[in-house]
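Q: Could you take a close look at the buried polar side chains in this model and describe their surroundings? Please carry the description on to the enclosed parts of the fold as well.

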Amino acid sequence: MARIGFLGLGIMGRAMAANLLKAGFEVTVWNRSAAKCAPLVAQGAAQAATPREVVEACDFTIAILADPAAARETVFTADGVLAGMSAGKGYIDMSTVDDATAREIAAAIASKGGRFLEAPVSGTKKPAEDGTLVILAAGDQSLYDEAGPAFDKLGKKRVFLGDVGQGARMKLVVNMIMGSMMVALSEGLALGLKGNLDGAKILEVIEAGAMACPMFKGKGPMLLNDDASTSFPLKHMQKDLRLALALSEELGQSLQAASAANEVFKRANIAGHGDDDIAAVYRVVR
């Protein structure tokens with residue numbers, strides 16, 4: 001079985017690393033806040049002091065980090081991923097970043113003889129815990145094949161999208177749609193409640209029709225109950241919307257609905273809801 005490194009033990013990463021341990025993989029972990037490693041060490045993981053040590057000890061290393069800046073820092077810092085990279089080793093970045101960041105990291109890994117795969121995931125806390133994420137991979141085909149058994153413990157579906165950058169673009173498209181849908185649901189519930197409709201009945205009607213989807217089913221009751229228990233931090237959604245809008249500028253594609261959604265999420269972030277769940281966007285809509 002492959003020796004797997006894991007960098008980044010936030011909401012997603014700690015659940016994903018735990019699933020790899022449960023499946024019997026040898027896992028070495030690192031996190032900027034070292035205390036977050038303790039629960040995984042208790043489950044059998046080894047702990048390293050730096051990303052460099054993780055990469056040196058493992059066949060391939062997975063990272064899931066907050067944003068492009070964190071992704072770059074973890075690779076390029078003095079004791080980072082690049083410092084430990086050597087011929088044949090693999091690096092899989094499952095963070096949500098822009099395609100330019102993915103290509104920059106890929107080139108750096110290749111310069112040391114390593115193999116790179118971007119593999120952002122569609123899914124939040126519960127799918128990460130359940131191993132039902134959707135993995136959007138692009139880059140080195142041999143590394144995708146080698147990591148397949150691990151991916152199958154992390155997700156219910158994995159797709160290979162070709163060249164580096166395509167995984168990042170797919171993830172931004174998916175999250176852009178999700179953010180726009182969250183704003184639409186929030187506005188629909190706010191309008192309905194002010195029109196003296198029953199919120200539960202609104203959700204019941206949505207669930208019975210063409211708009212039925214797991215996100216509305218899961219997030220709708222959270223909106224009605226003012227529950228913003230964090231599964232997907234709002235600040236990360238706003239970051240993804242910004243990245244999608246930047247991609248739209250690059251490609252010359254108008255994104256009017258996503259632009260409006262970004263402004264709503266920006267308002268919620270400024271209002272102090274950044275660490276709350278994306279459901280908190282309703283608090284500035286209603």
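A: What follows goes through two buried polar residues, then a helix, and then a cavity. The model is predicted, and the description should be read with that in mind.

Thr96 is found in the loop that runs between strand β5 (90–93) and helix α6 (99–111). With a relative accessible area of 8%, Thr96 counts as buried, because the cut-off for that term is under 20%. The side chain of Thr96 is joined to that of Lys171 by a polar contact of 2.5 Å. Leaving aside residues up to four places away in sequence, Thr96 touches Asp67, Pro68, Lys171, Leu172, Lys239, Asp240 and Leu243, so that Lys171 appears both among these neighbours and as the partner in the polar contact.

Gln238 belongs to helix α12, which covers residues 234–251. Gln238 is buried too, with a relative accessible area of 4%. Two polar contacts start from its side chain: one of 3.0 Å to the side chain of Asn262, and another of 3.4 Å to the side chain of Asn269. When residues up to four places away in sequence are not counted, the residues touched by Gln238 are Asn262, Phe265, Lys266 and Asn269, and this list therefore includes both of the asparagines that were just named as polar partners.

Helix α1 (residues 11–22) shows burial over a whole element. Its 12 residues reach 17 Å from the first C-alpha to the last, close to the 16 Å expected at 1.5 Å a residue. Because 9 of these 12 residues are buried, α1 is largely enclosed by the rest of the structure. The buried residues of α1 are Met12, Gly13, Ala15, Met16, Ala17, Ala18, Asn19, Leu20 and Leu21. After α1 comes Gly24, which has a positive phi, near 95°.

Turning to enclosed space, the count is 1 cavity of 30 Å³ or more, and the largest cavity holds about 30 Å³. Helices α11 (214–224) and α14 (282–285) are the elements that give two or more residues to the lining of this cavity. The full lining is made up of Met222, Leu223, Asp226, Asp227, Ala228, Ala279, Ala280, Tyr282 and Arg283. By class, 6 of the lining residues are nonpolar and 3 are charged, while none is polar.

Key: Residues numbered from 1 in each chain as written. Predicted model: local features only at pLDDT ≥ 70, side-chain atom pairs only at ≥ 80, totals over all residues. Heavy atoms only, no water. 1 Å grid on protein atoms, 1.4 Å probe; cavity = no way out; pocket = protein on both sides within 12 Å on 5 of 7 lines; lining within 4 Å. Points joined across faces, edges and corners; volume = space filled by probe spheres on them. Helix = DSSP H or I, 4+ residues; strand = E, 2+ residues; numbered from the N terminus. Nonpolar A, V, L, I, M, F, W, Y, C, P; charged D, E, K, R; others polar. Buried < 20%, exposed > 50% of the residue type's maximum accessible area, 1.4 Å probe, protein only. Polar contact = N/O pair within 3.5 Å; in protein donor to acceptor, adjacent residues only side chain to side chain. Contact = heavy atoms within 4.5 Å. Expected span 1.5 Å × (residues − 1).
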